[in-house]
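The exercises below are to be worked through with the sequence and the model side by side. Each one sets a task and then gives a solution in steps.

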Amino acid sequence: MLNLKFIQDNPDVVIEKLKKKNFDATAIVESITELYRKKNNLQTQADQAKAEMNKISKEIGILFRGGKRAEADAAKTRTSELKENIKQYDQQFSEIEGKVNELLVLLPNLPHESVPAGKGADDNEVVKSGGEMPQMEATALPHWELAAKYNLIDFELGVKLTGAGFPVYRGKGARLQRALINFFLAEATKAGYEEVQPPLMVNEASGFGTGQLPDKEGQMYHVGIDNLYLIPTAEVPVTNIYRDVILEAKDLPYKNTAYSACFRREAGSYGKDVRGLNRLHQFDKVEIVQVAHPDKSYEILEQMVAHVEGLVQKLELPYRILRLCGGDMSFTSALTYDFEVYSAAQGKWLEVSSVSNFEAFQANRLKLRFREDGSKKPQIAHTLNGSALALPRIVAALLENNQASEGIRIPKVLVPYTGFEMI
RNA sequence: GGAGAGAUGGCAGAGUGGUCGAUUGCGGCGGUCUUGAAAACCGUUGUACCGAGAGGUACCGGGGGUUCGAAUCCCUCUCUCUCCGCCA
């Protein structure tokens, strides 16, 4: 959520910057600025009326205690009109405030200056590539066939138990999952992130805080009987740790990492790139989250990108880093880097991480603030997060890229975690 | 699932209709004292909005009501805790 005062003071900046996200904010911004003015006028009037009312009430109290009942009763007659006015002011005020809030949540975050213009995935900017592209035999198998051949993942069994997109990992497949989770958590811990194990369901307030609600409601599984949502990413519970808190500037940044299962309905995305592990309803992910000082958040974003890059390098996967264009960025992000690894048998780049700076957008919703040393007024902090990493597509690339006639090779760095070198 | 209790400032915990935005203690910050620290003592210490400022308004879980006036009374919702039952 953008800052209301900022919109009021810089309506043109908001409209101009959002063009890069292919979002025409003109009508919304104009409505907001107009309502804002009305709101302030109403507040001034209401406050004045309330001040007078308070004064009279106090006087009546004093009269009563002094035993001057008649004078007190006389004073009461003046209050009924005031009371009616206050009621009307308050009613109009909350009506307008409600409208402003409805409009505010419609505005996406402003993109950072470095965000390239563009409509979609084709316009993303490749900022870096690394790793060696594997040479594949023509007989190379896609991961879903390898998974079946070595009995690593049973997609059909998942369909029986739950439905499409809920695979069952077994044997060395399950061990590989656990090894990756432990490896990613160990690396994050080494990098100074405190590990947390969050709930896998969140309430509405948390969903709103990080921006999933109200606009992406359809992407989350909803447990209606208790009105809870299955988390689409650990970002939601972990970032919400800091909802409604005021931190000390000297304690920034706060760094957390969490492993969690992630649940996504993926409504409307059937039929494309959904084979095997490419797109699932439930998957595992290790997430990193930071709460940062606004002056430091872009520096920290680069550090987080470097951390993720270290992971794909250690896994010996060919990768590239993209700076997302305005049209491909999420609603909440100011700047996003995506990581893709090359899955050789499919001949496809697969997104395995998304690292974003949300600046004050989430923090504003979360009321996540910090106080500068010696300063009285709290200010809004910045939040960032990134996948480090999402498992399924990493597994897909590992299986495909490392296949050989004698089996599938496990990257050296993972062997202490898997306990085996080959599948 | 059954029964009961409760929700007040960073925390603990008073306050049951009127100078209560809220006693007090702890914690935090500033100071006195000290070579330094501790102790002791003194002071200070919520957030948001409106306003150039002076200042004003709102907030005692959420919403509504009674009243000139509500943290305090009434209604309602949510949440938390305790005990019993069930159970990893």
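What volume does the largest pocket have?

Solution. The largest pocket has a volume of about 1600 Å³. A pocket here is an open set of points on a 1 Å grid over the protein atoms alone, with protein on both sides within 12 Å along at least five of seven lines, whereas a cavity is a set of points where a 1.4 Å probe fits but cannot get out; lining residues have an atom within 4 Å of a point. Grid points are joined across faces, edges and corners, and a volume is the space filled by probe spheres set on the points.

The model is predicted, so local features need pLDDT of at least 70 and side-chain atom pairs count only at pLDDT 80 or more, while totals for chains, interfaces and linings use all residues. Residues are numbered from 1 along each chain as its sequence is written, chains are lettered from A and ligands numbered from 1 in the order in which they are written, and side-chain values use heavy atoms, with hydrogens and water left out.

**Exercise 1. Describe the lining of the largest pocket.**

Solution. Begin with the residues: 47 line this pocket, and R264, R279, E351, S354 and R393 lie nearest its centre. Turn next to the elements, where helices (H or I, at least four residues) and strands (E, at least two) are DSSP runs numbered from the N terminus. The largest share of the lining, 9 residues, comes from β13. Finally, sort by class, counting Ala, Val, Leu, Ile, Met, Phe, Trp, Tyr, Cys and Pro as nonpolar, Asp, Glu, Lys and Arg as charged, and the others, Gly among them, as polar; the lining then has 15 nonpolar, 16 polar and 16 charged residues.

**Exercise 2. Place the second largest pocket relative to the domains.**

Solution. First take the domain assignment of chain A, automatic or from a database, which gives domain 1 (4-104) and domain 2 (121-418). The centres of these domains, taken over C-alpha atoms, are separated by 44 Å. The second largest pocket, with a volume of about 660 Å³, is lined by 17 residues, of which N3, L4, K5, N364 and I380 lie nearest its centre. Since both domain 1 and domain 2 give residues to this lining, the second largest pocket lies between them. Among the elements, α5 gives the most to the lining, with 4 residues.

**Exercise 3. Characterise the protein surface near RNA strand B.**

Solution. A residue counts as near if one of its heavy atoms lies within 4 Å of the strand. Of the 24 residues around RNA strand B, Y36, Q43, D47, S57 and R371 come nearest, and α3 gives the most to this surface, with 14 residues. On the RNA side, 73% of the strand B atoms within 4 Å of the protein belong to sugar or phosphate and the rest to bases. For polar contacts (pairs of N or O atoms within 3.5 Å; within protein, one must be able to donate a hydrogen and the other to accept it, and residues adjacent in sequence count only if both atoms are side-chain atoms), consider three side chains. An N or O atom in the side chain of K5 is 3.0 Å from a phosphate oxygen of RNA strand B. Polar side-chain atoms of Q43 and T44 lie, respectively, 2.4 Å and 3.0 Å from a sugar or linking oxygen of RNA strand B.
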